[in-house]
Every structure is written in C-alpha cells, then in structure tokens.
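Q: Please take a close look at one part of this model and describe its surroundings. Then work outwards from it to the rest of the assembly, with the cut-offs behind each term.

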Amino acid sequence: MDRTTLDLWVGIFVAIGVAALFGLAMKVGNLTSSKIGPTYAVTAAFDNVGSLKPNAPVKSAGVVVGRVDTIVFNSEAYEAIVTLNLDKRYAFPIDTFANIYTAGLLGEQYVGLEAGGDEVVLKNGDKIDKTQDAIVLEKMISQFLFNKASEAEAKADVKAAAPAGVELDVLK
Amino acid sequence: MMKSSLMLSFIRHLRGMGHRMIERTWRLGAGARLFFLAIVYSGESFKRFHLTLREIYFTGVMSLLIIIVSAFFVGMVLALQGYNTLQKYGSSEAIGVLVALALVRELGPVVTALLFAGRAGTAITAEIGLMKTTEQLSAMEMMAVNPIARVIAPRFWAGVISMPILASIFSMVGILGGYLVAVPLIGVDDGAFWSQMQANVDFSADIVNGVIKSVVFGVVCTMIALFEGFDAPPTAEGVSRATTRTVVISSLTVLGLDFILTSFMLVI
C-alpha cells in the first residue's frame, strides 16, 4: 500500500467518524434544541409535583420558554418549591398561573405557564403565587368512585323516604 | 478401595482447578504489565505517527464495510420490531427514540466492539503470534528495536482511536437504517420521527456516554488481542488457539464490562 493513498483512506475514515458524531450531536441529540439563551429564575410552590423532574420543559402556549432547574421540599409549609429558569426574551405578568401538565396520557410532566393580566412582570427571584398541582390519577379515580357512591346513596334515600303513593301524588 | 479412588479423582480435579486459576491470574498480571509497557513506550507511536496511521488503516478503515452493513441491518430490524410493539400502544412515532437510544447507548458500542474483536482483533493476534513464531520479535530485540514500542504500542493506539470512530459510524448508520424502514417503508411521520428523537436523546447522558463506552471497549479489545498474540505459544496450533481465545475473551469481557459501565452511568 502506497503511503499517500493510505493517508487518504485514514483521512476519509476519520472524516466519516467525525461527521457521524456531529450528526449524532446535531440531528439525533438535543444539543441544538436544549440551548436557551440567558435565563432568569422564578420559583413556584406546589402541594404536589407528581413526577416532575429537573430539566423538564416549561411551556407557554405549547412553546418551550424555559426549563425546571431544581425541585426542593419545604419542610415548613410541606410543599415543593420548584425553581424555573425562564428565557430572558420572554416576560410574564406577575399573576401568571403555573400548572403541572402531562404530555399525552403517559408522557412526561412539564410546567405550563398561563399569562395573567397584570402590568408588572416577573423578575429574577420572584415567586409565582397561583399554581395548580399535578393531577394524581389515583386521587381522581377515588374521587370519581366516591361521587358515584354518594349519588347512588342519595337516590336510595329519596326512594326510601317517599313511598310509591306519595311519588304519584307529586307527579299529579 | 472405591472410596480412595473417588478421593483421588476429587483431589486431581481440585489440583487442576487450582492450576487453571493460577494460570489465569498469571496471564492477567502479564496482560496488565503489557498494557503498562504499551502506555510507557507509546511515545514512539506518536512521534512516528505513520506507524499508527498504518495500523488505523488495517484495523479501522478495513472494518468500515462490515460495520456499515451490519449497522444498517441492525437499525432496520430495530425499527421493524419496535414499530410492531409500539403501534399496539398507539405511539408509533416513538420509534425514532427507541432506535436512537438503543443504538447510541448500547448496540452501537457493544456490537461494534464484538465485530471489531472478530474482524480486527483476530488479525492482530494472528499477526503478532506469527511474528513471534517466526522470531521476528526476537530479531527486533537483537537489533535493539523495542518490539513493544515498535509493534504493540502503534496497534494499541490504532485500536483505541478506531473504536469510538467506528461506534459513532455504527450508531449514525443504524439510525439512518431505522429511518429508512420507519419513514418511507412504514409511513411514520418524518417530523415526529426526528423531533421525538431530539427531545429524548440527551447529548451528554446518551451520546457522550456511548463514546466513553466505546473508548473503554477499544482499550480492552485491542489489549486482549495484543496480549493473546504476544503470549501465544510459537506453534501453528498455539497461534490458532490464541486467535480463538481473543474472540471469546473479548466478547465476554465487552458484554460483562458493558453491564458495569451502564450501571455506573445510570447512577451518576
């Protein structure tokens, strides 16, 4: 093998390898999409964050406007303090509503921001007061069952209290 | 009488076991020494880089074809199997994530290492074993040329450099193969395929860890191949046995090490 052609082949080999790694980083990985510019941090308190994780997206109107930085437990108020890093380009009113949503039925959880109407905007270190917790499926199911049960009980009570004759009178 | 012969065979077994254990421990120590020497004498393989370049050609460039073809088929079959299961849950768009994560995290580095052990590792072992059999290594020593600096170190660095490059190519080609099956053939949405992949594949947690794995596998596979060649008995049978052992030991080590590395990476 001539040395110059050998060099050429090794060069091609390395170039393909670098191109593949570059492709992995840009096209497959999140190196491009996770880049958000300078950020400011706001906090929000939730009674229950569900399975929200650090680095989860913060979305407003479906657009990613920031990322969840940290989630810590506040042992005085027994609530979770979530720190959100929001993109400096976007300003939100001080009465913005923070919800924890789930992407799809089984997807990951993210923080959704719904802008309020106040003139004053959130600054670095501010706290979002209006929050809504993550929906816990078990809670919802038990609530639903409880409602059904109490409904059925109420119906039974009405029937027991009013004999057939009385009911007919009412109908007349 | 019966009892004593049973006892004897038991003792013989025990002795054989002990012998094998000592033999393996000795080989482990000798391998570690060779690794250390290869690192110490690796100055020359960078000073005279054409030596390493030549080995990169033989281990890396010559492995390209088998890597690209198998990556393509692995990606295609992953997409096919993944689609089959995912569409039952109505989330066939997640097929891109499945293919990419499986390739970047596991299959890329591991299958590349297994193919590398079979394609390049055996060649290294046979070459060095034959060099030893034909006393070329002793001849080098007679001419005051250090065979470790001249033969072992360039091959070692060539393997370490080639493996991550090959693994990256494997992952990328595999993803393209998966794309080919998922999008034009099955009809998964093109945008969803890539955007779901980008949303769920993390650069540092997935891609960089995959590259780290492949570097470790590169060190291990090349070192095993070099040591088996260096340690081969100088006979035709010895070289052939050493070549077989290279494939077996490399494959087992790669698979076992993969588990250890993954458990470390998931914890950190």
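A: Tyr78(A) is exposed, because only 8 other C-beta atoms lie within 10 Å. (A residue is buried if 20 or more other C-beta atoms lie within 10 Å of its own, exposed if 12 or fewer, and partly exposed in between, with C-beta atoms placed from the backbone.) The model is predicted: local features need pLDDT of at least 70, side-chain atom pairs count only at pLDDT 80 or more, and totals for chains, interfaces and linings use all residues. Residues are numbered from 1 along each chain as its sequence is written, while chains are lettered from A and ligands numbered from 1 in the order in which they are written.

Tyr78(A) sits in the loop that joins β3 (63–74) to β4 (79–87) of chain A. (Helices, H or I of at least four residues, and strands, E of at least two, are DSSP runs numbered from the N terminus.) The phi of Tyr78(A) is positive, near 55°, and this residue is not a glycine.

Strand β3 of chain A also holds Asp69(A). Asp69(A) is partly exposed, with 17 other C-beta atoms within 10 Å. Leaving out residues up to four places away in sequence, Asp69(A) touches Ala41(A), Pro54(A), Thr83(A), Leu84(A) and Asn85(A). (Two residues are in contact if their C-beta atoms, placed from the backbone, lie within 7 Å.) The C-alpha atoms of Asp69(A) and Thr43(A) are 9.6 Å apart, for a sequence separation of 26 residues.

Chain A as a whole contains three helices and eight strands, in the order α-β-β-β-β-β-β-β-β-α-α from the N terminus. Of its 172 residues, 19% are buried. Among the contacts in chain A between residues at least 6 apart in sequence, 63% join residues at least 24 apart.

Chain A touches chain B through 20 residues of chain A and 25 residues of chain B. The chain A side of this contact consists of 12 nonpolar, five polar and three charged residues. (Ala, Val, Leu, Ile, Met, Phe, Trp, Tyr, Cys and Pro count as nonpolar, Asp, Glu, Lys and Arg as charged, and the others, Gly among them, as polar.)

Chain B has 10 helices and zero strands. Its C-alpha trace spans about 65 × 65 × 35 Å along the principal axes. Buried residues account for 44% of the 268 residues in chain B. For contacts in chain B with a separation of 6 or more, 87% are between residues 24 or more positions apart.

Chain B, too, has a residue other than glycine with positive phi: Ala144(B), at about 60°. Ala144(B) belongs to the loop between α6 (136–142) and α7 of chain B, and is exposed, with 6 other C-beta atoms within 10 Å. Glu135(B), which follows α5(B), has a positive phi near 60° as well.

Helix α5 (residues 95–133) of chain B has a kink of about 55° centred on Leu103(B). (The bend at a residue is the angle between axes fitted to the seven residues ending there and the seven starting there.) Of the 39 residues of α5(B), 28 are buried, so this helix is largely enclosed by the rest of the structure. The axes of α5(B) and α7(B) come within 7 Å and cross at roughly 145°. (Axes are lines fitted to C-alpha atoms, for helices over the stretch in contact, and angles run from 0 to 180 degrees between N-to-C directions.) That crossing is right-handed. (A crossing is left-handed if the near helix is turned anticlockwise from the far one by less than a right angle, and right-handed if clockwise.) The contact of α5(B) with α7(B) comprises 21 nonpolar, seven polar and one charged residues.

Helix α7(B) also meets helix α3 (residues 49–59) of chain B, where the axes come within 8 Å and cross at roughly 55°. The pair is therefore oblique. (Angles under 35 degrees count as roughly parallel, over 145 as roughly antiparallel, 65 to 115 as roughly perpendicular and the rest as oblique.) On the α3(B) side, the residues in contact include Leu51(B) and Ile56(B), and on the α7(B) side Trp157(B) and Ile161(B) are among them. By class, this contact has six nonpolar, four polar and two charged residues. Ile161(B) is buried, with 23 other C-beta atoms within 10 Å. The C-alpha atoms of Ile161(B) and Val219(B) are 9.1 Å apart, although 58 residues separate them along the chain.
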